[in-house]
Structures are given as C-alpha cells and as structure tokens.
Amino acid sequence: MKKPQLYLLHFAGGSIYSFEFLKPYLPEFEFIPLELPGRGKRIRENFIRDLDLAAMDIYRQVEKNLKGQRFLLYGHSMGSTLALKVAGLLEKRKASPLSIIVSGNAGPGVYDPKKRYLMDNTAFKAELRLIGGMPEEVLQNEELLDFFEPLLKADFEIVEKEAFPIIPPITAPIYAIMGTEEEHTSQIENWSNYTSSDFEYELLEGNHFFIYKYPAQLADIIKSRYEKYIALTPPAQ
C-alpha cells in the first residue's frame, strides 16, 4: 500500500535539507521536501524573485510527484504562503491536499512594512539576528554572508514585494502554528480567511524558528491532520 505523501516547503534561505529534523518522526509518510532554484540540488539555477513564479515552480514539482495517493502540504514562513498558493493551483486540477499546515506566518495580508530584500548589509545582518535561525558564525563571516545574502534577499523579495497579495481561499482545511515570540502571533486567525473549510491554530513557545524545538509535536499535528481528514474523505474513484 502506498504511503500518503507529505510535501514540505521551506522558509527564506532554506532548502530540501531544512526539514531533516522532522523526517525520523514521520516514517508513515512519503517525505518529499521541495526547494526553489539557487540552493541545494538546484544551486546552478537562477533565483526566483516573484511569488507567482515561485508557486508555479513548486506546483510543477508536486504535480510531477503525485501518484494518486492522498497528500498534505506543510510550509514554514515563506513556505506557508507558497503552500496556500500551490494548494489553490492544485485544486484547479482537482488534486486538492487533505489539509495544509502552515507555520511561522500569520498569513497573506498581515502588513509588515519591512523590505528586507532592499536593506543594506548592516541593517540586513541586524534583521537576520532578530529573526533567528542564522548561525552567528555565518553572520560574523563576511565571505559566508556574501554567499547567503543574495539567496536570502531573493526569497524575501518573493514574499515582501507585494504588501497585500491577492490569494483566493482554498477548499482544503488549514492548521496554523506560530511561535509565541513572533511579531504577528496575535493575528494568526487571519488564516481563517483563506479557507472555506475547517481552520484551527496553535501557539508554541519560541521565536520564528520554534519548529526546531518541537519535532515530535509537529509530527503529531501532521499525523492528526491526515488521520482526521482521511476519515472524512471518500476514497478516490
């Protein structure tokens, strides 16, 4: 029997390796991390700097891997916005995920005036320290930072260029998770505007990269989403 699929969409500066911490906790899933160009196995490809183009890139990767079994999408930060866009594209071809799980993001339309992709080196470095997730040895090493900065800024441009992107609601349920110390945690219920189905949310203690503290709990959320909605969904014909 085929395993259900779990597609994982990374945060700004991430790659297919960003979710390795979760893999041991989800052996019952076909674990499929995806990545945008310019990193990891796609290091020789040009960056994408546009939300629609990034979503289409991820959509094509998902479409290529679909094998008829049920699937979930999980995205963190930038990956959350992409998960919403990709779910909408998949629904148009009648291949809806059972649910999407989003973390580290209060959803489209929550205004953040920061344009990190336009910041100078000093301001950008300070912002990376504030967000967390970037090792201090990288921030202190100009050569390493020069390598990562174009990638990070390209990814930030994807989600920051449009202050209020128009993204239609999806029919799949949404489960949102944020860290208690994140800037827009109080607006997490904004995600309810982007589904015509169930919406639930949860707050976990920590900053923007709280996910690395809770692999077992995140895995339990993912498994519970699958178990809940597979029981409510008739088998494919």
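Here are a few exercises with worked solutions on the structure above.

This is a predicted model, where local features need pLDDT of at least 70, side-chain atom pairs count only at pLDDT 80 or more, and totals for chains, interfaces and linings use all residues. Residues are numbered from 1 along each chain as its sequence is written, and side-chain values use heavy atoms, with hydrogens and water left out.

**Exercise 1. Work out how the chain is built and how compact the chain is.**

Step 1: Let's count the pieces. The chain has six helices and six strands. Here helices (H or I, at least four residues) and strands (E, at least two) are DSSP runs, numbered from the N terminus.

Step 2: Now put them in order. Along the sequence the pattern reads β-β-α-β-α-β-α-α-α-β-β-α.

Step 3: Next comes the radius of gyration, which is 17 Å, close to the 18 Å from the globule rule for 237 residues, so the chain is as compact as a globular protein of that length. The radius is taken over C-alpha atoms, and the rule is 2.2 Å times the number of residues to the power 0.38.

Step 4: Finally, the box. Along the principal axes, the C-alpha atoms fill roughly 55 × 40 × 35 Å.

**Exercise 2. Find which residues of helix α1 are buried, and what covers them.**

Step 1: Find the helix. Helix α1 covers residues 51–65, and its 15 residues reach 21 Å from the first C-alpha to the last, close to the 21 Å expected at 1.5 Å a residue. The expected span is 1.5 Å times one less than the number of residues.

Step 2: Pick out the buried ones: L51, A54, A55, D57, I58, Y59, Q61 and V62. Buried means under 20% relative accessible area, exposed over 50%, and partly exposed in between (1.4 Å probe, protein chains only).

Step 3: Look for the cover. It includes β1 (5–9), β2 (30–34), α2 and α5 (142–160).

**Exercise 3. Decide whether K85 and I100 are buried or exposed, and list what they touch.**

Step 1: Start with K85, which sits in helix α2 (residues 78–92). K85 counts as buried because its relative accessibility is 17%.

Step 2: Check the contacts of K85 (contact means heavy atoms within 4.5 Å). Setting aside neighbours within four places in sequence, K85 meets L51, D52, A55 and I167.

Step 3: Move on to I100 in strand β4 (residues 100–103). Its relative accessible area is 0%, so I100 is buried.

Step 4: Ignoring residues up to four places away in sequence, I100 touches L73, A83, L84, A87, I170, P173, I174 and Y175. L144 is another matter: I100 and L144 are 44 residues apart along the chain, and their C-alpha atoms are separated by 34 Å.

**Exercise 4. Compare the surroundings of S77 and K94, starting from their phi values.**

Step 1: Recall the usual case. Most residues other than glycine have a negative phi.

Step 2: Now look at our pair. Phi of S77 is near 60°, a positive value in a residue other than glycine, and phi of K94 is near 60° too.

Step 3: Place them. S77 lies in the loop between β3 (71–76) and α2, while K94 is in the loop between α2 and β4.

Step 4: Check the burial. S77 is buried at 16% relative accessible area, whereas K94 counts as exposed at 78% relative accessibility.
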